Amino acid sequence: DVDGLGETVITQMVENLSVARLDDLFHLTVEEIASLERMGEKSAQKIVDNLEDVRKNGTLEQFITSLGLKTAGKSLAGELGSVAGDFKGLLSLTADDLIGSVRSVKDKKAAHIIASIQDAKATIEGLLALGVNPESTFVKPEVVTEGKLFGETVVVTGKATGTLAGLPRDEVTAKLKSEGAAVASSVNGKVTLVIAGEGGGSKRAKAEEKGIRIISFEEYDAL
């Protein structure tokens, strides 16, 4: 999430500036970055400024994602960060700390994550030495255990009418989740209900083919 650090620039930094770990980026000077191909001093200064902004203001979840921990991608970084609290807490985590606290993490996956954190220990300690120890900002979503869609995995397709008409997709998703549903973006084996309007197209056709229950937006409102 650092503006100006695309794949091409990073590749040059690895090849020409001895960047081997995430924390190495924060030691780079304007002069070093400006020495790269097609990189002027103004652009180099911008990268240094952006790195400093991330060093001071980046969230724990962003940094955990950037570590590339095995089996712990962006979707789990927030929950992992909330359990750890900060980088120091991350280094002291055990598999038992994760099981039951981070969704979908069982014994084997927890062991892989902990091992991966230890593999990244030098990087984390390097960031700590730079004063990088952001706290978690993740707010765990409330678990809904009831509602008219509780237990359903829902796909919404076509033009919405009724109470969902005109709402942005993220608001529709939030509303369905507040009613107990899990929301999917495509029709797969886990989907149990499709709410379809005009122009439902391929998603509606796939639901019909799989024998998945389909209702209109009016029928959804009447549930």
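Contact here means heavy atoms within 4.5 Å. The model is predicted.

## The α4/α5 pair

Two packed helices are described by the angle between their axes and the distance between the axes. Here the pair is helix α4, residues 60–67, and helix α5, residues 74–84. Their axes come within 8 Å and cross at roughly 125°. That angle makes α4 oblique to α5. The crossing is right-handed.

Which residues of α4 meet α5? They are L60, E61, I64 and T65. On the α5 side, the partners are K74, A77, G78, L80, G81 and S82. By class, this contact holds four nonpolar, four polar and two charged residues.

E61 belongs to helix α4. Is E61 buried or exposed? E61 has a relative accessible area of 12%. The cut-off for buried is under 20%, so E61 counts as buried. Leaving aside neighbours within four places in sequence, E61 is in contact with A77, G78, G81 and S82. The list for E61 also includes S136, T137 and F138.

## Helix α5 and the cores

The buried residues of α5 are L76, A77, G78, E79, L80, G81 and A84. They pack against α4, α6, α7 (95–98) and α8. Just after α5 comes G85, with a positive phi of about 90°.

L80 also stands out in the largest nonpolar core, where it is among the residues with the most contacts. That core has 42 residues. The others with the most contacts inside it are M13, F87, L90, L98 and I117. Which helices each supply at least two residues of this core? They are α1 (7–16), α2 (30–34), α3, α4, α5, α6 (87–91), α8 (107–119) and α9 (121–129).

Beyond its neighbours within four places in sequence, L80 is in contact with I64, L69, A72, L90, L93, L98, V102 and I113. Apart from the largest core lies another, of 12 residues. Among its members are V156, L164, L176 and I195.

## L51 in helix α3

L51 sits in helix α3, residues 41–57. With a relative accessible area of 3%, L51 is buried. Setting aside neighbours within four places in sequence, L51 is in contact with V2, L5, L25 and F26. How far apart are the C-alpha atoms of L51 and D1 in space? The separation is 9.3 Å, for residues 50 apart in sequence.

## I212 and R213

I212 lies in the loop between α11 (201–210) and β4. At 12% relative accessibility, I212 counts as buried. Not counting residues up to four places away in sequence, I212 touches V187, N188, V191, T192, L193, V194 and A207. I212 and A77 are 135 residues apart in sequence. Their C-alpha atoms are 33 Å apart in space.

R213 is placed in strand β4, residues 213–215. At 43% relative accessibility, R213 counts as partly exposed. What does R213 contact, leaving aside neighbours within four places in sequence? Its partners are E152, T192, L193, V194 and L223. K42 is 171 residues from R213 along the chain. The C-alpha atoms of R213 and K42 are separated by 58 Å.

## Positive phi in two loops

Most residues other than glycine have a negative phi, and most peptide bonds are trans. S18 is not a glycine, yet S18 has a positive phi. R38 is not a glycine either, and R38 also has a positive phi. The table sets out both residues.

| Residue | Phi | Loop | Relative accessibility |
|---|---|---|---|
| S18 | about 60° | between α1 and α2 | 64% |
| R38 | about 60° | between α2 and α3 | 81% |

At these values, S18 counts as exposed. R38 counts as exposed as well.

Notes
Residues numbered from 1 in each chain as written. Predicted model: local features only at pLDDT ≥ 70, side-chain atom pairs only at ≥ 80, totals over all residues. Heavy atoms only, no water. Axes fitted to C-alpha atoms, helices over the stretch in contact; angles between N-to-C directions. Helix = DSSP H or I, 4+ residues; strand = E, 2+ residues; numbered from the N terminus. Parallel < 35°, antiparallel > 145°, perpendicular 65-115°, else oblique. Left-handed = near helix turned anticlockwise from the far one by under 90°. Nonpolar A, V, L, I, M, F, W, Y, C, P; charged D, E, K, R; others polar. Buried < 20%, exposed > 50% of the residue type's maximum accessible area, 1.4 Å probe, protein only. Core = buried A, V, L, I, M, F, W, Y, C linked by side-chain atoms within 4.5 Å.
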